[in-house]
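Here are some exercises to work through with the model open beside you. Try each task before you read its solution.

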Amino acid sequence: MAVSCFGYASEELLGNNMHELVHHHYPDGRHFPGSECPIYDVVRKSKVLRQLTDTMFRKDGSSFVAELSAQPVIVEGCVVGVVVTFREVTELRQQQENLQKAYELAEQKTAELDAVIESMPQGVYIATADAKLRCNHVAKMMSGGKFPEGLKTLETALAGKWSTETVRTSDRWIRSVAAPIFLNGKILGGVAVNTDVTQARLQDEALRKSEKLAAVGQLASSIAHEINNPLESITNLLYLIRQSESMEDMQHYAALAQGELSRVTEITLQTLRFNRYQSKPTEVDMAELLRTVMALYTGRTLVRNIEIDLKLAATPHVKVLEGEIRQVINNLVRNALDAMSSGGRLRIRLHPQRDWHSSVEGVRLTVADTGEGIKPEMQEHLFEAFQTTKELTGTGLGLWVSKGIVEKHGGRIRTRTRLGNGHGTVFTVWLPVGGVISQAAQVN
């Protein structure tokens, strides 16, 4: 084995100085004198040598790394020779060096990843399959290092699924996005990124309130017109009552006046309901809700010569926040009327419809106008905040708020439009009958 390893013939080795043949230089090229050779110390000092890693040389001058051991041969108390064993470990040494480099690189990458995680402005939580949790300093500031109890996103990630959820803790709103960590098809753990959306939530809520106030303000002119007509009738009827001498005529005029007062009362109640705050959903008859909203626009439709085509099929009651759905209907109807300043036809349809994907029972509302339609460049931004087709008169919040309300109720809102007179725009709203109210849907 030694002959094969060094490349010499046996005759070239036997009887010759082994140090000068195979151990004559240091790895850096300097001459290695025999007086410094640790193998000779075994003879000189009777010192056992174990697992020395050193460089040795072949006959052709090439070198290799060897692991050496040397044991003295002692006869009658005297060292008469040395048995040297060795094995080539060049490949093993290279593997060890590669492993060390890989380890150092992994440590560097881990340090870089830790630095990235620590520098993120969001709270980052990393959980392993054995339930160990680590997090960055932002997460510690947000929740003391513990994952918020109300959130199930990290648990879902450990089960192998992506998830997004928004919850309210004791003092803030937190939006969490989590994903599983896979390696070779196996789940190693999960990572969740939590963002404090309290300010965004408050700003969104303020915008929604401002839009609601704007909607109430825009209704004021219609309401004033609707109330003015019955009040004028009442004034005339009271005059007739004063002038009449027939009790039968006076009772007839009084009955008419009472009917006009009922009309004023109904309009006032609808206005109050529009701005009423509700914290719990109630079962609402959508057909009746549509009729009461449309009653507020009777005067405007007459003045603008707009034909109302109202077809309301029997539908199951829907569990919703009535004030918010009233706001959506009012917004869609008002937009349709504004799109037909020179007259046209407003079509409103209501009918039951199951969701084709989930088979959930629901109702579908359609509001269609015959206005000029919406320009293509505006269509893709139609449901974004501060996007409006009304220029000076619009807030740009109506459809954005409406979409948030509909999605909050587990529904969806869609639109299609076609440019040109007589074509117009169609909005459809689908709401589930069961009414799942999601607070998280309001936070984008």
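**Exercise 1.** Work out which residues of α10 meet which residues of α12, and how the two helices cross.

Step 1. On the α10 side, the contact (heavy atoms within 4.5 Å) uses M286, L289, L290, T292, V293 and M294, and the α12 side brings E322, I325, R326, I329, N330 and V333. Helices here are DSSP runs of H or I with at least four residues, strands are runs of E with at least two, and both are numbered from the N terminus.

Step 2. Sort those residues by class: eight are nonpolar, two polar and two charged. Ala, Val, Leu, Ile, Met, Phe, Trp, Tyr, Cys and Pro count as nonpolar, Asp, Glu, Lys and Arg as charged, and the others, Gly among them, as polar.

Step 3. Now the geometry. The axes of α10 (residues 286-295) and α12 (residues 322-338) come within 10 Å and cross at roughly 55°. Axes are lines fitted to C-alpha atoms, for helices over the stretch in contact, and angles run from 0 to 180 degrees between N-to-C directions.

Step 4. The pair α10 and α12 is therefore oblique; under 35 degrees would be roughly parallel, over 145 roughly antiparallel, 65 to 115 roughly perpendicular, and the rest is oblique. The crossing of α10 past α12 is right-handed, with the near helix turned clockwise from the far one by less than a right angle (anticlockwise would be left-handed).

A word on the input: this is a predicted model, where local features need pLDDT of at least 70 and side-chain atom pairs count only at pLDDT 80 or more, while totals for chains, interfaces and linings use all residues. Residues are numbered from 1 along each chain as its sequence is written, and side-chain values use heavy atoms, with hydrogens and water left out.

**Exercise 2.** Do the same for α12 and α14: at what angle do they pack, and which residues meet?

Step 1. α12 and α14 (residues 398-408) pack at about 140°, with axes 9 Å apart. They are therefore oblique to each other, and α12 passes α14 in a left-handed crossing.

Step 2. From α12 come E324, I325, Q327, V328, N331, L332 and N335; from α14 come G398, L399, V401, S402, I405, V406 and K408. By class that gives seven nonpolar, five polar and two charged residues.

**Exercise 3.** Is α14 largely enclosed or not, and why?

Step 1. Count the buried residues, using under 20% relative accessible area as buried, over 50% as exposed and the range in between as partly exposed (1.4 Å probe, protein chains only). Nine of the eleven residues of α14 are buried, so the helix is largely enclosed by the rest of the structure.

Step 2. Name them: G398, L399, W400, V401, S402, G404, I405, V406 and K408.

Step 3. Look just past the helix: α14 is followed by G410, whose phi is positive, near 80°.

**Exercise 4.** In what order do the strands of the mixed sheet run, and which helices pack on it?

Step 1. Five strands form an open sheet in the order β10-β12-β13-β15-β14, with mixed pairing; two strands pair if DSSP finds at least two bridges between them. β10 (306-312) and β14 (412-417) are the edge strands, each pairing on one side only. The twist averages 15° from one strand to the next.

Step 2. Zoom in on one pair: β10 and β12 (residues 344-354) run parallel over seven bridges, and D309 stands opposite R347 in β12.

Step 3. Add the helices. α10 lies across β10, β12, β13 (361-368) and β15 (425-432), at about 165° to β12. α14 touches β14 and β15, and its direction makes about 25° with that of β15.

**Exercise 5.** Trace the antiparallel sheet and find its edge strands.

Step 1. This open sheet has five strands in the order β5-β4-β8-β7-β6, paired antiparallel. Its edges are β5 (133-135) and β6 (163-168), and neighbouring strands are turned by 20° on average, direction ignored.

Step 2. β7 (residues 173-183) and β8 (residues 186-196) pair over ten bridges; P180 has G190 in β8 as its bridge partner.

Step 3. β6 and β7 pair over six bridges and form a hairpin with four residues between them. Within this pairing, E165 stands opposite S176 in β7.
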